[in-house]
Amino acid sequence: MRVPSHPTQIRRMLTSRLKQLTPAGPILAASLCEVSKRCGQPSCACHHDGPLHIAHHLTFKDDGKTRTVYVPQDMLGEVRTWVTEYQRLKALTHEISQLTLALVRGHVTDRKRRQGRS
Ligand SMILES: [Zn+2]
């Protein structure tokens with residue numbers, strides 16, 4: 001994103017982004033990882049050179065420690081949506097913060113420009 005220098009443009013970009021800041025549903029601040037693993041059935045093909053099972057888990061930081069939570073297969077689609085929603089809001093919040101910072105940085109220049117005009 002290119003941050004414009006004029007406050008009117010900055011505020012216009014801010015307004016459009018602030019409107020998008022509403023979550024469409026639950027938000028999950030975690031990474032979704034795919035892993036191959038063997039199951040608990042010793043007779044299963046996965047224990048006899050057959051294909052392994054695909055499983056998914058979430059990893060996230062909790063008090064500085066990395067935690068892992070297993071994702072049930074029938075929740076995968078939903079969980080993926082929640083993680084994607086978190087990433088969307090996180091990126092959006094970052095852009096909003098950059099634009100707001102540009103307002104602070106540009107304030108003095110803007111005030112001088114206005115005073116010069118009047
Ligand atoms: Zn198996």
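How far apart in helix 2 are Asp110 and Arg113, counted in residues and in helical turns? They sit three residues apart, so about one helical turn separates them. Keep in mind that this is a predicted model, so that pair and everything below come from predicted coordinates.

**The acidic residue in helix 2**

Let's stay with Asp110 for a moment. It's found in helix 2, and with a relative accessible area of 9% it counts as buried, because the cut-off for that label is under 20%. Its salt-bridge partner Arg113 has closest N and O atoms 3.9 Å away from it. Arg113 itself is partly exposed, at 34% relative accessible area. Asp110 also uses its side chain for a polar contact with the side chain of Arg114, at 2.8 Å. Put the partners together and you get one network: Asp110, Arg113 and Arg114 are joined by salt bridges that share partners.

**Salt bridges across the model**

How many salt bridges does a search of the whole structure find? The search turns up five. Here are some of them, with the closest N and O distance and the relative accessible area of each partner.

| Pair | Closest N and O atoms | Acidic partner | Basic partner |
|---|---|---|---|
| Arg17 and Glu95 | 2.6 Å | Glu95, 23% | Arg17, 15% |
| Asp62 and Arg67 | 3.3 Å | Asp62, 34% | Arg67, 36% |
| Asp110 and Arg113 | 3.9 Å | Asp110, 9% | Arg113, 34% |

The Arg17 and Glu95 pair deserves a second look. Arg17 belongs to helix 1 and Glu95 to helix 2, so this salt bridge ties together parts that are 78 residues apart in sequence. Arg17 is buried, while Glu95 is partly exposed. For the Asp62 and Arg67 pair, Asp62 is partly exposed, and Arg67 is partly exposed too.

**Nonpolar cores**

Helix 1 and helix 2 turn up again in the hydrophobic packing. Which residues make up the largest nonpolar core? There are seven: Ile10, Leu14, Leu92, Ile96, Leu99, Ala102 and Leu103. Helix 1 (7–19) and helix 2 (76–117) are the elements that give two or more residues to this core, and helix 2 has the largest share, with five residues. A second core, separate from that one, has six residues, including Ala30, Val71, Leu76 and Val83.

One member of the largest core, Leu92, links back to the salt-bridge story. If you ignore neighbours within four places in sequence, Leu92 is in contact with Arg17, Gln20 and Leu21. Arg17 is thus a contact of a core residue as well as the partner of Glu95.

**The zinc site**

Now for the metal. Which atoms coordinate the zinc ion? The donors are SG of Cys39, SG of Cys44, SG of Cys46 and NE2 of His53, at 1.9 to 2.3 Å. Along the chain, their spacing reads C-x4-C-x1-C-x6-H.

The geometry comes out as tetrahedral, with angles of 106 to 114 degrees among the four donor atoms. For reference, the ideal angle for four tetrahedral donors is 109.5 degrees. One of the donor residues, His53, is partly exposed, with a relative accessible area of 31%.

Terms used
Residues are numbered from 1 along each chain as its sequence is written. This is a predicted model: local features need pLDDT of at least 70, side-chain atom pairs count only at pLDDT 80 or more; totals for chains, interfaces and linings use all residues. Side-chain values use heavy atoms; hydrogens and water are left out. A nonpolar core is a set of buried Ala, Val, Leu, Ile, Met, Phe, Trp, Tyr and Cys residues joined through side-chain atoms within 4.5 Å. Buried means under 20% relative accessible area, exposed over 50%, partly exposed in between (1.4 Å probe, protein chains only). Helices (H or I, at least four residues) and strands (E, at least two) are DSSP runs, numbered from the N terminus. Contact means heavy atoms within 4.5 Å. Donors are N, O and S atoms within 2.8 Å of the metal (3.2 Å for Na, K and Ca); water is not among the atoms, so sites may look incomplete. Four donors count as tetrahedral if all angles lie between 85 and 135 degrees; four count as square planar and six as octahedral if opposite donors are over 155 degrees apart and all others between 65 and 115; anything else is irregular. A salt bridge is a side-chain nitrogen of Lys or Arg within 4 Å of a carboxyl oxygen of Asp or Glu. A polar contact is a pair of N or O atoms within 3.5 Å; within protein, one must be able to donate a hydrogen and the other to accept it, and residues adjacent in sequence count only if both atoms are side-chain atoms.
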